[in-house]
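Thanks for coming. I will go through one structure today, beginning with confidence and then moving to the fold, the interface and a few individual residues.

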Amino acid sequence: MEFMLLVFSLLFATLRLATPLIFASMGGFMSERSGVVNVALEGFMLAGAFAGAVVGYSFDSAWLGWGAALIAGLAMGAFYAFFTIELKADQIITGMAVNLLVMGLIPFITKILYSSTGSTPALLLEDRFRFEPMLMAFILVTALTYWLYKTRSGLWLLFAGEHPEALVASGVSVRKVRWAAVSLSGVFAAWGGTSLSLFLASSYSPMMTGGRGFMALAALIFGKWRPLPAFLACLLFAFADAVQIRLQGMHIGNFEIPVQFIQILPYVVTIIALAGFIGKSRAPKALGK
Amino acid sequence: MKRIIGLILGLCIALSLTLFAGENPLNVFMILMRSAFGSMYDLGLTLSYTTPLIFCGLSVAVGFHAGLFNIGAEGQLTIAVVTAAAVGILFPNIPFPLAPMVAFAAALLAGGLWGWIAGWLRAYRGSHEVIITIMLNFIAAGLASWFTLQIIPNPNSQSPETAVVSPNYMFKDYDLIARRFPDTPANASLVFAIVFAIVMWIFLWKTPWGFALRAVGSNPEAAHRAGISGKRVQMLAMTIAGAMAGCVALSEVLGSTGQYRIGFSPDYGFIGIAVALLANNNPLGIIAAAFLMGALHKGASDLDLETATITRNFSQIIQALIILGVTAQGYWAWISKNKRRKN
């Protein structure tokens, strides 16, 4: 009985913790499938987490925060799209710069708004999300899977990333497809961020993403750039995270496992997954070009 | 030249952001300058930031030359600094000239190993080095904090830091730079940093290994045809990158504090990216770029005190915008294209 309880609580924790990863991973999916490398997911997530927390707190409504994250994500995505698509700047360097910019801007804004250096005030417990983002994450994955393989615009996305020339030949602008994809990528990743600040927690705290943007990217690669396998990879990473939280302070006999060893578990799992010890994965052909 | 314009553009945009905080950008700029160069003390601090930034800039640049993006300098330097401190604490009886050498060698090895992991995974498993090095940064931070707090904590302090290494590990008495800048952490490792930059330049442009490294970075296909093993070069590049970042142990442990303090680094590894980009990955340019970024960082650290609404994190905004300004050289083409469209 106790064991069953443990299993259930672990599973539930996994689903909760997977939510931000799934959203961010789908964001990465949009961008990378259209041919634009996206290491800015971390920054998008932070921006979404922050915008969501600020607006959600100001209006006592998680849903308004969700909308704010949409706008922030769209803006961040468009910003990134402008640099990578219009100015043809190096995608990885730009992505890291966007991350850095967000990390610097957030304390700058909190100082003006709340004269603090990072955290935002917390939402009331009953105002924040209970399960909704979790559900939306599942819906998003299902919708994307259907959209990608069954609709015309889904194929545009695939072709923008695999054979841009073919897309041009059929009279569709690669530029526009990529712009749309990268902007949406910002929105999804920002929702991932805000499900951290409005669902898993009830406020924004500095660096609360803790590398999840990169884990989401790793999940995407591990999932061979397809929505459903990427979703499963997110569950795997979230499971590692859930186990990590569970194991803290646990003893084996008289020996307490150092908490730092447990905390690095999700990162180790990510590396092992990415090292491709379980099958190779192939990137979209025109990725980064 | 375009890089300098990009730099100035980035700096100007960053400064104009301060208008939103109700500050005068010119005033903020003056504070930055004064706080970076205002006195011998300020200059000493600026130089003490410059030193690790040269090391990290070199680390990132070596990666770039081999076509790899090393954002793991932060983790590499963390592991190396802890290792140097550990050697100094666990073997207190090694005599002077040998002791710092042993600690330094250990730091190089540790940093190199941390870089090698990413290089190996990249070369033989095809894992993207950006994600791997980010993950290794988190792992390094975790391991370092465990080692610091559980194995070699400082018995005389509540701060999260290691004990201090024995005095024969430090080159304080022989340190001419430290004497010139009393009370600051500036130290002789600056000379090492400059020498390493020159050695790196010679390595990259005057040796066959350097040639192989740049060949793999600029045209992997051609390099492969020429019989250069891309995999070995990638591992070599990441190992050197790790060792370079590991040199921070020189300025931090052996040169100034003699210990590892958790959070001592204001993300030197990431500022190193801006340094390398600004210098176009030229090792000699990195010396100048590191000095500039060091000055900006030192300048920004006084914004907390001197202005009401701007914090030290402002330096991150400046760095990001400078990186964007320098990387996005495409705006020249973009502007002229739009002009033509209008005409």
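In chain A, where is confidence lowest, and where is it highest? This is a predicted model, so I start there. The lowest mean in chain A, 72, belongs to strand β1, residues 251-252. The highest, 94, belongs to α3(A). Averaged over chain A, pLDDT is 88, with 97% of the residues scoring at least 70.

Chain B has a mean pLDDT of 87, and 98% of its residues reach 70 or more. Among its elements, α17(B) has the lowest mean, 72, and helix α11, residues 230-246, has the highest, 94. For the model as a whole, ipTM is 0.86 and pTM is 0.88.

Back to α3(A) for a moment. This helix covers residues 62-86 of chain A. Its 25 residues should span 36 Å at 1.5 Å a residue, and the end C-alpha atoms are 35 Å apart, so the two agree. After α3(A) comes Lys88(A), which has a positive phi, near 50°.

Now the fold of chain B. Its secondary structure consists of 17 helices and 0 strands. The C-alpha atoms fill a box of roughly 75 × 60 × 35 Å along the principal axes. Is the radius of gyration of chain B in agreement or at odds with a compact globule? It agrees: a globule of 343 residues would come out near 20 Å, and chain B has 21 Å. Of those 343 residues, 58% count as buried. Looking at contacts in chain B with a separation of 6 or more, 75% are between residues 24 or more positions apart.

Next, the core. The largest nonpolar core has 229 residues. Those with the most contacts inside it include Ala219(A) and Cys234(A) from chain A, and Val81(B), Ala249(B) and Val275(B) from chain B. Helix α8 of chain A, residues 174-200, supplies the largest share of this core, with 14 residues. To take one of the well-connected residues, Val81(B) touches Ala107(B), Val248(B), Ala249(B), Glu252(B), Val253(B) and Tyr260(B), leaving aside residues up to four places away in sequence.

On to the interface. Here 40 residues of chain B are in contact with 39 residues of chain A. On the chain B side, the elements giving two or more residues are α5, α6, α13, α16 and α17. Of these, α6(B) gives the most, 12 residues. By class, that side has 26 nonpolar, 13 polar and 1 charged residues.

One of those helices, α13(B), deserves a second look. Why is α13(B) described as largely enclosed by the rest of the structure? Because 11 of its 11 residues are buried. Among them are Tyr268(B), Phe270(B), Ile273(B), Val275(B) and Leu278(B). Val275(B) is also on the list of residues with the most contacts inside the core. Following α13(B) is Asn280(B), with a positive phi near 55°.

Last, a residue in another setting. Asp304(B) is in helix α15 of chain B, residues 303-306. It counts as partly exposed, because it has 14 C-beta neighbours inside 10 Å, and buried would take 20 or more. Beyond residues up to four places away in sequence, Asp304(B) touches Thr311(B) and Arg312(B). Phe211(B) is 93 residues from Asp304(B) in sequence, and their C-alpha atoms are 46 Å apart.

That is what I have.

Technical notes. Residues are numbered from 1 along each chain as its sequence is written. Chains are lettered from A and ligands numbered from 1 in the order in which they are written. This is a predicted model: local features need pLDDT of at least 70, side-chain atom pairs count only at pLDDT 80 or more; totals for chains, interfaces and linings use all residues. Helices (H or I, at least four residues) and strands (E, at least two) are DSSP runs, numbered from the N terminus. A residue is buried if 20 or more other C-beta atoms lie within 10 Å of its own, exposed if 12 or fewer, and partly exposed in between; C-beta atoms are placed from the backbone. Two residues are in contact if their C-beta atoms, placed from the backbone, lie within 7 Å. A nonpolar core is a set of buried Ala, Val, Leu, Ile, Met, Phe, Trp, Tyr and Cys residues joined through C-beta atoms within 7 Å. Ala, Val, Leu, Ile, Met, Phe, Trp, Tyr, Cys and Pro count as nonpolar, Asp, Glu, Lys and Arg as charged, and the others, Gly among them, as polar. The expected span of a helix is 1.5 Å times one less than its number of residues. The radius of gyration is taken over C-alpha atoms; the globule rule is 2.2 Å times the number of residues to the power 0.38. pLDDT is the predictor's confidence in each residue, from 0 to 100.
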